[in-house]
Amino acid sequence: MKVIGALIAFAVGVNLWFLFEYLLHRFAMHQLHGKGIMSREHLEHHVKAGWSFDYTHILSWLGVGLVGAAVWLPVGYLLGGWWIAIPLAAGWPVGYAFYEYEHAMCHLRPPHTAYQRWVRKHHFQHHFGAPMTNHGVSVGWWDLVFRTNEAPEKVKVPRRMAAGLGWIIDERGELRAEYAADYELVGSFDSDERQEQLDRVRAFASVAPDA
């Protein structure tokens, strides 16, 4: 029974992260419209839709692990002792690491499974269609709970931003045939300083980029 309890506690810890991920993304990153470093950096990510890895991701994971230990260890201990406390606290950073990996892979690698296909389409509708929807990156059920889920037949990707998702286009800059069921390129490749400024204004207003 202790092992089953520990497994349940671990699953709860992971899903507590998924809820926090949703709330953080929606309220601390988008509804603040660039006020504060977290919101500002996230909305800059929306301007280009690219991805780059740096040491801050490791520091973030370590920080999330410490938060999990500080918050969920005592809560878990009060609920059932160390058999509950340790897996509950461990689930939190594992959920966060899963989120970081899947988010990066959305931008860097093509999908190979049904889940990967879903998570990319769900996430890029958030980027290019409606930034105030689809706040859950790892899972979609919190968007369903809070009625922020949006799932169009095809996600419309501005051509000038498609380079941020290098896997979606071929060497000519056209949409790869295998992704035509889920995506559509719109607009032109042209982008100048004025367009980049407009993209930034719209991103910081949590409005979809124009075509």
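**Cavity, pocket and helix packing**

By class, the lining of the largest cavity splits into 7 nonpolar, 2 polar and 2 charged residues. That is where I start today. A reminder before we go on: this is a predicted model.

So, how many cavities of 30 Å³ or more does a search of the whole structure find? The search finds 1. The space in this largest cavity is about 50 Å³. Let me walk you round the lining. There are His 46 and Val 47, then His 127, Pro 131 and Met 161. Further along the chain come Asp 199, Arg 202 and Ala 203, and then Val 207, Ala 208 and Pro 209. Two helices each supply at least two of the lining residues: H2, residues 37-48, and H7, residues 193-204. Which one gives the most? H7 does, with 3 residues.

Next, the pockets. I will take the second largest. This pocket holds about 190 Å³ of space. It has 14 lining residues, and those closest to the centre are Trp 118, His 122, Asn 149, Glu 150 and Ala 151. Helix H5, residues 114-128, and helix H6, residues 141-145, are the elements that give two or more residues to this lining. H5 gives the most, with 5. By class, the pocket lining has 5 nonpolar, 5 polar and 4 charged residues.

Stay with H5, and look at its packing. The axes of H4, residues 82-108, and H5 come within 10 Å. They cross at roughly 75 degrees. An angle from 65 to 115 degrees counts as roughly perpendicular, so H4 and H5 are roughly perpendicular to each other. Who makes the contact? On the H4 side, Phe 98, Glu 102, His 103, Met 105, Cys 106 and His 107. On the H5 side, Tyr 115, Val 119, Arg 120, His 123, Phe 124 and His 127. You have met His 127 already, in the lining of the largest cavity. By class, this contact has 6 nonpolar, 4 polar and 2 charged residues.

Now the other helix pair. H1, residues 2-30, packs against H2 at an angle of about 100 degrees. Their axes are 8 Å apart. That angle makes H1 roughly perpendicular to H2. From H1, the contact uses Leu 24, His 25, Ala 28, Met 29 and His 30. From H2, it uses Met 38, Ser 39, His 42, Leu 43 and His 46. His 46 is another residue from the cavity lining. How many charged residues does the contact of H1 with H2 have? None; the classes are 5 nonpolar and 5 polar.

Last topic: aromatic rings. The structure holds 18 aromatic pairs. I will show one, Trp 17 with Trp 92. Their ring centres are 5.5 Å apart, and their planes stand at 90 degrees. Planes over 60 degrees apart count as edge-to-face, so this pair is edge-to-face. Where do the two sit? Trp 17 is in helix H1, and Trp 92 is in helix H4. They are 75 residues apart, so the pair links distant parts of the chain.

Definitions and conventions: Residues numbered from 1 in each chain as written. Predicted model: local features only at pLDDT ≥ 70, side-chain atom pairs only at ≥ 80, totals over all residues. Heavy atoms only, no water. 1 Å grid on protein atoms, 1.4 Å probe; cavity = no way out; pocket = protein on both sides within 12 Å on 5 of 7 lines; lining within 4 Å. Points joined across faces, edges and corners; volume = space filled by probe spheres on them. Helix = DSSP H or I, 4+ residues; strand = E, 2+ residues; numbered from the N terminus. Nonpolar A, V, L, I, M, F, W, Y, C, P; charged D, E, K, R; others polar. Axes fitted to C-alpha atoms, helices over the stretch in contact; angles between N-to-C directions. Parallel < 35°, antiparallel > 145°, perpendicular 65-115°, else oblique. Contact = heavy atoms within 4.5 Å. Phe/Tyr/Trp six-rings, centres within 6.5 Å; stacked < 30°, edge-to-face > 60°.
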